[in-house]
Each structure stands twice: as structure tokens, then as C-alpha cells.
Amino acid sequence: MDPRSAAHVLTQIAAHLELRGESSFKIRAYEQAARALTALGTVDLAALDVAGSLASTRGLGPATLSVVRDLIATGESRYLEQLRADSAPGLLALLRIPGLAAAKIHRLRAELGVESVDDLEAVARDGRLGKLKGFGPKTAEKILRGIEFHRTSGTRVLYHHGEATAAAFLAMVRAHPDILSAEVAGSVRRHTETIGDTDIVASCLGNPLAVATSFTRVGGVRTVEHGDTASPSITFPDGARLDLHCVTPSEFAVALWRATGSPSHVAEVASRLAARGFTVAGDSLREADDATVSVPDEAALYQRAGLSFIPPEMREAQGEIERAARGPMPDLLHSGHIRGALHCHSTWSDGKAGIAEMAEAARARGWRYIGITDHSQAAFYAGGLSRDQVLMQHDEIDALNDSARDGFRILKGVEADILADGSLDYDAALLDRFEYVVGSVHSRFAMDERTMTERVLRALDDPHLTILGHPTGRLLLTRNAYAIDMDAVLEKAGGTGVAVEINADPRRLDLDWRLIPTAKAHGITFEIGPDAHSTQGLDNMRIGVGIARKGGLACDEVLNARSADDVLAFARARHTGRRR
Ligand SMILES: [Zn+2]
Ligand SMILES: [Zn+2]
């Protein structure tokens, strides 16, 4: 029994207890124990218990320990099975509906008999939910939208969650004595914005089928599909699915390529191979006389197809194959190119860390500057700054910059609301005091497409605007982009010299990478904004870089891959250029 699977079971128990309206003290005990187990890494729990150190693990209490021991002994939890038996099967799915917490589900169940997503949809549609105290027609509408999202997104999770699960699975696979090497493939390797399951390709010593089978029999496995093959789909108790591909060392490169690209990418490259007399047969490549071709790595495979190497992130059949047929792919941006962050919040508005602390954290990440962009006054709900606060914040930044030892710079930015009429929050005199301005839509999302497009186009005309923040307002798995003509917006941003943000908050990843080629065609400069609300939030940058790579961006197309002086020159050129 590995800690990850055990943690899953404890998390499930906590969710069931939450649904039953049990005390928060009891629920927290299970959540805390799950975290404690996750922190143990990849140890064997049975061995840990024999050694006597399981019982003394901080965060495990008598009740949670007995669940873990049950798992070690039988691979299952009788307590979880009992909780499952006592509750309607559709109930847990309700927890995945955006905006519906356990307390609300508890009430809906008690007062309206709601036990599944279908029940919920029925009461939201027929008006009963809207009449319930504390809900109302607006909530009913929201819930209906949430249901729609739930149905279309299924069990998908945000990239950073999928990546963390994949890392845990990879550690488990690599720990197997008969595995020579293993890599994550699939959508995690392609860095898509949401993740459905984890694909891992493993090169095995001996018989791949035997190795694959041993993984289907570990404790904590819920269901197995294709269990009689070397590529089983293994589902764990929390619904996380591992598609494991066990192969011989000589098949590894072809298997990794097949498991990484989108189905259309793989099919298109396979047909190019076929045109040159090669056949992809399972995880090997054959010549016309059926002889196996040695494929030492993915680059060799692309070479056989007459293509230059295509980075994993780009393997989506969105034009990258034609590009690779013309010659070497561009050198893509990577995290080492990033020299600073330009979209960051501090305690002055709704951030959790002060400016000095954020600056220190940015310096610790190897960056040379940080731009502080707290909210403007219209964003009162997010602690937007009044005029006086802006002036005081600038004094603080000046003082910090004066005492900086190594040339690290703090830039005076702002995330100004784009108001309903398209003007930027604050008057021109105050906007002039900032070194650069990010403009974002934070309100009135329900406008029709024409009005919303005009609103943003007007903002792009304001010479104060340096960067258009999270341009479509989408929240992944929660809220669609607002209605807006992005072609018109990107064309105008290109024409006026406004940079467009790739917001790197894993809930946003906005601009959508699919629009990057269009934006590039309009000559747009991109900014990758962590939208950090804490020091850890700065690590969003890495996720944004992955999205930029999906869009095929190179270092010189990214504003915050330039020096602070160049960023300020960019902002000034925009400002004075429009005034001529
Ligand atoms: Zn924002
Ligand atoms: Zn922000």
C-alpha cells in the first residue's frame, strides 16, 4: 500500500463525512491525515508500520490510523465501503458541481430529496430550488451552468493538479524493480490546460505484460480495464486514472511518441511515415519488408517522417507538422529566459505578502525585477487602492528600490479595471504616475459580444494601457470566456502596440494558447503574468511558460523575458507613440 492511494481513501472518507453533515473536527482529522500520508512520499506503509513509525506519524490519530491499517491488511477500507453503502451513489458527484459545497448539498438532500446531479437539475429547472431559503433564482441559474460544466468537463482537473498526480504516479512506477526508465506522456507532457488522466510509458526488464499486471494488483486500486494487456487503465479510489504502457527498451521511443501526441497528431505523423514506406506496428516501426527499424529516440522517428523534432507541448495537429516539414522548429521559450514578473498583487490589495517579501521571493527565483500591480479602486471587493494609497505605495517602492543591493528593481504597475464604458479606472494624471498599466475586465461579464468588444477596443486606445490582462475572462472548469470578438481585439492590440497577457494562474491560462498563432500574426508582444497573490503564486510562471510553448512562442516575443529597462521602454513607446 502506497501513501498516495491511502491518502485518496482518507480524502474520500472526509468527503462522505462532509456530505453527511458530520462535525468539521472529524472531517479535518481525515483531511489532515491524508496530507500527512502524502508528505511521506513513496514509502511502503506496511514496512513503515512494522518498523513502528507509522503510528507516530504526525497528523495520524487513532481513527485514521485504523483505516490505514485496514488498507495495509486488506487493500480496502471497510469504513469507506460502509459510508458508500449508506449514501446514494450520485451524491459524491454533487461535490464536483462548481458553487455547491457540502453544507448546501446536505440541505438540498434533506429539504428537496436531491441525491444526484439529475435530481439537482430537476429542482433547479422546476423552480423548487429557487424558492429554497438562501438559494434564490440566481443561484438556481448558476447551478444549472455548473451542471453543464460538470457534464462537459467530467472528471478533468486543472493542469497543476493533474501534474502533481502524474508526479506521484511516476515515482510509484519508477520504484518498481523491473522498470528501467519511465516518463509521463499524454496531456500532462503536452501541457494542456486541463487533464483527464495520466499516461506513463515504462521501459521494462523482462516481460512487459508481467510488469503491467503487478501494477494492477497493488493495494488501493479500484478498477482495472485492459488488465490482460501491457497497457492497463488503472483507476484509483478518488477517480484518478493511470494509463500505463509497459514496453521493452527497444519500443520505448515509439511508445512514448504514440502516448504523447493528440490522436490527430499521431495519425498525421503516421501517414507521413507510411508515405515514406514505414509502418507503425504497435510500438515498433517497420520497413516495407517488415524488418523492424531501430528508433533510439523521438527525434529519430520524426526524422524518418521527414520532419524536424516537434516539442511535446506542440503535438496537437494545429499546424506544427507542416511547420516541422519546412525546417527546424523555433527555439521555444523556457523558464530560464524569464527575467521578471509583471502581474503580481501585494497586501496593499488582495495579496497575502508585502511588497518586500514578494520582491525577495522573485529575486530567489532568479528574476531581476518584479512589477507590483495591485487592484484599482473600482475593484473594491479586492481591496482596490484609493488615490492616497497609490501615492503611499509608490513611496514604499521608492524606498525599497533605494535600499536594493544588487540592482533588483521593483516596478510601479497597477491592474486597472477596464470599466463598463471601456475607460480605465483612475484619471489620466494618476495613471501617469505608474510605470506601466495592466488593464483587465473584472465586472459586467454578461454584456453582449458587440458591447464587450467595443469596451475592450476602447481600452486599447488609451495610451496608458501597456498590457491587456486575462483577455477572455475564462475560469477553467468553472466559467466560460465572456462573449468577445477576439480577432478584432488581437488585431487592434497588434496595431496599437499593447502587449497581451498569457495569464499563468492555472485557473485561467488566458489567452487561450489556440489563439497565440493569430496573435503572433498581428505582431503582438506577449506578457506571461503569474497573477501572484502570494509568494508561491509566483510559481505560476512555469505553467504559463508551458502554455506559451504550446503556442510556439520564442524568447524574443515575450515582454518579461526582457530587461526591466526594456519593459519600461516598451511602456513609454506605447504612451508617447499614441500622443504624437
Ligand atoms: Zn485580474
Ligand atoms: Zn491580477
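In the predicted model, the zinc ion (ligand 1) is coordinated at 2.1 to 2.2 Å by Glu415 (OE), His442 (NE2) and His470 (NE2), where donors are N, O and S atoms within 2.8 Å of the metal (3.2 Å for Na, K and Ca) and where sites may look incomplete, water not being among the atoms. Along the chain, the donor residues of the zinc ion (ligand 1) follow the spacing E-x26-H-x27-H. Two of these donors link distant parts of the chain, with histidine 442 in the loop between strand E15 (438-440) and helix H21 (449-461) and histidine 470, 28 residues apart from it, in the loop between strand E16 (467-468) and helix H22 (486-496); helices (H or I, at least four residues) and strands (E, at least two) are DSSP runs numbered from the N terminus. Both histidine 442 and histidine 470 are buried, a term that stands for under 20% relative accessible area, with exposed for over 50% and partly exposed for values in between (1.4 Å probe, protein chains only).

The zinc ion (ligand 2) lies 3.4 Å from the zinc ion (ligand 1), and glutamate 415 coordinates both. The donors to the zinc ion (ligand 2) are His343 (NE2), His345 (NE2), Glu415 (OE) and Asp531 (OD), at 2.1 to 2.2 Å, and their spacing in sequence is H-x1-H-x69-E-x115-D. The angles subtended by the four donor atoms run from 83 to 170°, and the arrangement around the zinc ion (ligand 2) is therefore irregular; four donors would count as tetrahedral with all angles between 85 and 135 degrees, while four count as square planar and six as octahedral if opposite donors are over 155 degrees apart and all others between 65 and 115, anything else being irregular. Histidine 345 lies in the loop between strand E11 (340-344) and helix H18 (355-364), and aspartate 531 in the loop between strand E18 (526-529) and helix H24 (540-550), so that the pair ties together parts 186 residues apart in sequence. Histidine 345 is buried at a relative accessible area of 0%, and aspartate 531 is likewise buried, at 6%.

Strand E11 is largely enclosed by the rest of the structure, because five of its five residues are buried. E11 pairs in the parallel sense with strand E12 (residues 369-372) over three bridges, pairing being assigned if DSSP finds at least two bridges between two strands. In this pairing, alanine 341 stands opposite isoleucine 370 of E12. The connection from E11 through H18 to E12 is a right-handed β-α-β crossover, that is, the path from the first strand over the helix to the second runs clockwise with the strands pointing away from the viewer.

Five aromatic pairs were counted, the criterion being that ring centres of Phe, Tyr and Trp (its six-membered ring) lie within 6.5 Å, with planes under 30 degrees apart taken as stacked, over 60 as edge-to-face and the rest as tilted. Among them, tyrosine 302 and phenylalanine 309 form an edge-to-face pair, with centres 6.0 Å apart and planes at 85°; tyrosine 302 is buried at 0% relative accessibility, whereas phenylalanine 309 is partly exposed at 36%. Phenylalanine 380 and tyrosine 381 are also edge-to-face, at 5.5 Å and 80°, and phenylalanine 380 is exposed, with a relative accessible area of 66%.

Residues are numbered from 1 along each chain as its sequence is written, and chains are lettered from A and ligands numbered from 1 in the order in which they are written. Local features need pLDDT of at least 70 and side-chain atom pairs count only at pLDDT 80 or more, whereas totals for chains, interfaces and linings use all residues; side-chain values use heavy atoms, with hydrogens and water left out.
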